[in-house]
Amino acid sequence: MGKNKQFRFAENATFEQVVQPAFADLVEGRFPLRGRWNADFFHREAPLVLELGCGKGEYTLGLAALDPQHNHLGVDIKGARIWRGARTARERGIAHVGFLRTHIDHLLHCFAPGEVDAIWLTFSDPQIGKPRKRLTSPIFLERYRQVLKPGGLVHLKTDSPLLYEYTLEQVEAHKLPLLEHSADVYADLVQRVGPEEQAVLSIRTFYESMWLTEGRKIHYVRFAIG
Ligand SMILES: C[S@@+](CC[C@H](N)C(=O)[O-])C[C@H]1O[C@@H](n2cnc3c(N)ncnc32)[C@H](O)[C@@H]1O
């Protein structure tokens, strides 16, 4: 492991913004924050918003800045990426942001039924040729249904036409309320929504910035579930 990674992992262990549950504790039901995120981690009651596959946490930090009334938690398996978001949150003194280092497959071990208000999926791997692994496949939709409150929201932002179309198909197949969708966020969607939503939709992650430089279109879907 490189020195930079070692340094970041060591710092993560000292950051109160970072939670890194052991696999055995999760699967054996010994994760004390499950059902207690607001009470024991954020220390305040507020709607809980997750970003799954948050990378360096830009969306989580961006949402937290625009929406201080919610608690925001970025989830990713890569500790060196989460470190970036956690360090920024720490430097800016943002109390309503945290990062959970775990595999997204462990969602049900990490959150109690109905504990979550909204989920963001930002530039997730489209898993070409592996539809079951896509973060909007039926198996994941069922997990989201369990952890979300009734009527909880899922937001997908992606550069992948495949993941965009696949998600729309799943929403239709599961008869979920489709609340918004656009195949071109910046040419279409941000032109027809109010300033608050414009700001939320215009948060740019590391991957989004990269894809925009390459001239790719950004797609968005919002649906309800739960
Ligand atoms: C393409 S990157 C996008 C990162 C960030 N959302 C962005 O837009 O810059 C996908 C991220 O998902 C994370 N990821 C992929 N599969 C995961 C899994 N099963 N559990 C946790 N994180 C995962 C990766 O570590 C990576 O940081």
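For the tally below, I count Ala, Val, Leu, Ile, Met, Phe, Trp, Tyr, Cys and Pro as nonpolar, Asp, Glu, Lys and Arg as charged, and the others, Gly among them, as polar.

**Entry 1: the ligand shell**

A reminder to myself that this is a predicted model. I started with the ligand and found 17 residues around it. The closest are G53, G55, I77, F123 and T205. By class, the shell holds 6 nonpolar, 5 polar and 6 charged residues. Which helix gives the most to this shell? I find that helix α10, residues 206–213, does so, with 3 residues.

**Entry 2: F206**

I stayed with α10 and picked F206, which lies in that helix. Is F206 buried or exposed? F206 comes out as partly exposed, because 16 other C-beta atoms lie within 10 Å, while a buried residue would need 20 or more. Setting aside its neighbours within four places in sequence, I see F206 in contact with G55, K56 and E58. G55 was already on my list of the residues closest to the ligand. I also looked back along the chain to V193: its C-alpha atom and that of F206 are separated by 24 Å, with the two residues 13 apart in sequence.

**Entry 3: the sheet**

Next I traced the strands. There is an open sheet of 8 strands with mixed pairing, and I read its order as β1-β4-β3-β2-β5-β6-β8-β7. The edges are β1 (18–19) and β7 (178–182), each of which pairs on one side only.

**Entry 4: strand β2**

I then turned to β2, residues 48–52, where 5 of 5 residues are buried. Which way do the residues of β2 point? L48, L50 and L52 point one way, V49 and E51 the other, and all are buried. This fits the general rule that side chains in a regular strand alternate between the two faces of the sheet.

On one side, β2 runs parallel to β3 (residues 71–76), joined by 5 bridges. On the β5 side, 4 bridges join β2 to that strand, again in parallel. E51 is handy as a marker: I find it opposite G74 in β3, and its bridge partner in β5 is W120. Following the chain, I noted that β2, helix α4 (residues 58–66) and β3 make a right-handed β-α-β unit.

**Entry 5: strand β6 and its neighbours**

How many residues of β6 are buried? I get 8 of its 11, so I wrote the strand down as mostly covered, with 20 or more other C-beta atoms within 10 Å as the mark of a buried residue. β6 pairs with β5 in the parallel sense over 6 bridges, and A118 has L153 of β6 as its bridge partner. The chain gets from β5 to β6 through α7, and this β-α-β crossover is right-handed.

The pairing with β8 has the opposite sense: 7 bridges join β6 (residues 148–158) to β8 (residues 219–225), and these strands run antiparallel. I picked out two of the facing pairs: V154 stands opposite F223, and K157 stands opposite Y220.

**Entry 6: helices on the sheet**

Last, I checked what lies over this part of the sheet. Helix α7 (residues 138–147) lies across β5 (116–122), β6 and β8, running at about 135° to β6. Helix α8 (residues 161–173) also packs on the sheet, where I see it touching β6, β7 and β8. The direction of α8 makes about 25° with that of β8.

Methods. Residues are numbered from 1 along each chain as its sequence is written. This is a predicted model: local features need pLDDT of at least 70, side-chain atom pairs count only at pLDDT 80 or more; totals for chains, interfaces and linings use all residues. A residue is near a molecule or strand if its C-beta atom, placed from the backbone, lies within 6 Å of it. Two strands pair if DSSP finds at least two bridges between them. Two residues are in contact if their C-beta atoms, placed from the backbone, lie within 7 Å. Axes are lines fitted to C-alpha atoms, for helices over the stretch in contact, and angles run from 0 to 180 degrees between N-to-C directions. A residue is buried if 20 or more other C-beta atoms lie within 10 Å of its own, exposed if 12 or fewer, and partly exposed in between; C-beta atoms are placed from the backbone. A crossover is right-handed if, with the strands pointing away from the viewer, the path from the first strand over the helix to the second runs clockwise.
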